[in-house]
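Please open the model in your viewer and keep the selection panel at hand, as the stops below are meant to be followed in order.

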Amino acid sequence: MSQPLVGIIMGSSSDWETMRHAAETLDKLGVAHETKVVSAHRTPKRLYDYASTAKERGLKVIIAGAGGAAHLPGMAASMTSLPVLGVPVESQALKGMDSLLSIVQMPAGVPVGTLAIGRAGAVNAGLLAASILATIDDDLAARVERYREEQTQAVVESPE
Ligand code: RP5
């Protein structure tokens, strides 16, 4: 793929099962992206390096997924003016409510666009990232429209 436009980061490789859905959604829409494990707690220097250089490296949107005490999206947002989309990964102990509340309630001034817990949030983060990029890319906008149209067509009239 060409120059990545979307950076998908996650707190642990155990988050990949969820975050791969963001990557697969971007694949379907033909959006170049990169994926990295970057932990706010275990690899803070890696997080600093990643977020503080993201813009100059050509990224346009960051998708950050984490579970539990999920500081990753907020910390990433504190170090870049790029849009940051946060995906709460479902945790074992609290089913992702901890992740959601850790990500969503940012203080005014440092936004994180918070998505749903789990797979739905990861898919939608991919779609939102594509929609953001599509505002200045007509070809991508057409692909996003087609994705939505195909989704509509796939809905059956009756469950039987
Ligand atoms: C968080 O802790 C990660 O985002 C992950 O969701 C959670 C558990 O990580 P592992 O113990 O599986 O590495 O930092």
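How do the residues of the shell around the ligand divide into nonpolar, polar and charged? They divide into 2 nonpolar, 7 polar and 1 charged, where Ala, Val, Leu, Ile, Met, Phe, Trp, Tyr, Cys and Pro count as nonpolar, Asp, Glu, Lys and Arg as charged, and the others, Gly among them, as polar. This is a predicted model, in which local features need pLDDT of at least 70 and side-chain atom pairs count only at pLDDT 80 or more, while totals for chains, interfaces and linings use all residues. Residues are numbered from 1 along each chain as its sequence is written.

To see this shell, select G11, S12, S14, D15, S39, H41, A66, G67, G68 and V89, which surround the ligand (C-beta atom, placed from the backbone, within 6 Å of it).

Next, centre on G68, in the loop between strand 3 (61-67) and helix 3 (72-78); helices (H or I, at least four residues) and strands (E, at least two) are DSSP runs, numbered from the N terminus. G68 counts as partly exposed because it has 18 C-beta neighbours inside 10 Å (20 or more would make a residue buried, 12 or fewer exposed). Leaving aside neighbours within four places in sequence, G68 is in contact with S91, D98 and S99 (C-beta atoms, placed from the backbone, within 7 Å). Add K95, which is 27 residues from G68 in sequence and 9.0 Å from it in space, C-alpha to C-alpha.

Finally, select helix 6 (residues 138-153), where the number of buried residues is 0 out of 16, so the helix lies largely in the open.

Technical notes
Contact = placed C-beta atoms within 7 Å.
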